[in-house]
Amino acid sequence: MSFWDDFKDLFKTKEQLEEERTQAISDALKKEEQVTTQLKQLEELYNSTLEKEPNINELFPSDSGLKTIEYTPKTDEEITQLAADTFKGKYDEKKNDVTSSSLEKENSLLTKASEKEAQKETELGNLKSERDSAYEKTKNNAVKNGLSRSSIMDTQLEGVDSSYKAEADSVKNAYETELDSIANQIEILLSERESALEALDLQYAGDVKNKIDSLTKERDKLTKEYAEYNQKVLEKQKDYAVEREKQINDYLEEKAEQAKIKAEYEKEFGYSGEKKENYEQRFKIASDFYNSLSPDIAVDALKASPTMKYYLGIYYDTLLDNLNNRKIGQKKYF
């Protein structure tokens, strides 16, 4: 700042001077954006040489690896249906066998009855033919002997009818006896079939009930076991989450402590290696920029910067001291 500038400032109010100072710092911060871009590039370059920070979730997985078991127990209706289906095929087959065998015997008896009917009709037909033949022979003999109008022929014909009727009744009675026997056998067969089917139904119902009891017991046992297992898993997951949080906190605290020790060491002895080289380049860029500003603005502009302390690290205080010394050493006219 020239003598003339200092002289003109004597005639400005405090508010005017403060306003001009604020504007100058604002302008400096706008120009600083180009510097910040360069510093950011240097920071990225330096970070690319560093070992990648381990991911917290990789070091301390949030998943304990313990899993609950999803178990949907069967309903009573489903168990009943399953039990019924288990034995249905087996008992349907048995009932079909019983029915088929019984029907086969029934049909055999019905066939026998039909054959007996046909046999009866044949015998009755033969008896009728024999009666007709006897009738004809008796008449012919009577005519031949001149007895066609006598009571003798009538008596002889009545004898033929009587013999025919007796033999026909005998055939019919024998048939009725055999038919009654067949009908009785069929009735017994039907009764036995019904009893056998009822017995199978009872056996089926018993097997189904036993199966229902077994499946229900197994379901209740598994439901209890899975519930207890899942409860233990949830408790272990909770314990794991608590322990994980503790380990993370311990890790972060140790890391923060190490960073603090490192920062104190670097503050006392400075950076080293690639870090020193990188930060020295940052310092030079920032130093060139702030030394290009007016001495009475540079210090405040640096203090107002939101990022310089971050990018310069321990060199921030060095730059601030340099700018303060430069400000103190500037030429004073009054």
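# Exercises on an all-helix chain

Of the 334 residues of the chain, 22% count as buried, where buried means under 20% relative accessible area, exposed over 50%, and partly exposed in between, with a 1.4 Å probe and protein chains only. The model is a predicted one, in which local features need pLDDT of at least 70 and side-chain atom pairs count only at pLDDT 80 or more, while totals for chains, interfaces and linings use all residues. Residues are numbered from 1 along each chain as its sequence is written, and side-chain values use heavy atoms, with hydrogens and water left out.

## Exercise 1: the chain as a whole

Describe the secondary structure of the chain, its contacts and its exposed surface.

Solution. Begin with the elements: the chain has nine helices and zero strands, where helices (H or I, at least four residues) and strands (E, at least two) are DSSP runs numbered from the N terminus. Next take the contacts, a contact being heavy atoms within 4.5 Å; among those between residues at least 6 apart in sequence, 85% join residues at least 24 apart. Finally, the chain exposes about 23,700 Å², of which carbon and sulfur atoms supply 51%, with areas taken from the Shrake-Rupley method and a 1.4 Å probe.

## Exercise 2: helices α6 and α7

Compare the end-to-end distance of helix α6 with its expected span, and list the buried residues of α6 and of α7.

Solution. The expected span of a helix is 1.5 Å times one less than its number of residues. Helix α6 covers residues 273-291, so its 19 residues should span 27 Å, and the C-alpha atoms at its ends are indeed 27 Å apart, in agreement. Turning to burial, the buried positions of α6 are K275, N278, Y279, R282, F283, A286, S287, F289 and Y290. D288 also lies in α6, but with a relative accessible area of 46% D288 is partly exposed; its C-alpha atom is 9.7 Å from that of V35, although the two are 253 residues apart in sequence. Helix α7 (residues 295-304) is mostly covered, with seven of its 10 residues buried, namely P295, D296, I297, A298, V299, A301 and L302.

## Exercise 3: the second largest pocket

Work out which elements and residue classes line the second largest pocket.

Solution. A pocket is found on a 1 Å grid over the protein atoms alone, as an open set of points where a 1.4 Å probe fits, with protein on both sides within 12 Å along at least five of seven lines, and lining residues have an atom within 4 Å of a point. The second largest pocket holds about 330 Å³ of space. Its lining has 13 residues, of which Y46, L50, K262, K275 and Y279 are the closest to the centre. Two or more lining residues come from each of α2 (14-47), α5 (151-269) and α6, and α5 gives the most, with four. By class, the lining contains six nonpolar, one polar and six charged residues.

## Exercise 4: three positions in and before α4

Decide whether E106, Q119 and K74 are buried or partly exposed, and place each of them in the chain.

Solution. E106 is found in helix α4 (residues 76-144), and because its relative accessibility is 16%, E106 counts as buried; leaving aside residues up to four places away in sequence, E106 touches I186, L189, L190 and R193. Q119, likewise placed in α4, has a relative accessibility of 38% and therefore counts as partly exposed, and its C-alpha atom is separated by 8.8 Å from that of Y175, 56 residues away along the chain. K74 sits in the loop between α3 (56-59) and α4 and, at 44% relative accessibility, counts as partly exposed. With residues up to four places away again left out, K74 touches I79, L82 and R219, and the C-alpha atoms of K74 and D220, 146 residues apart along the chain, are separated by 9.6 Å.

How values were computed: Grid points are joined across faces, edges and corners, and a volume is the space filled by probe spheres set on the points. Ala, Val, Leu, Ile, Met, Phe, Trp, Tyr, Cys and Pro count as nonpolar, Asp, Glu, Lys and Arg as charged, and the others, Gly among them, as polar.
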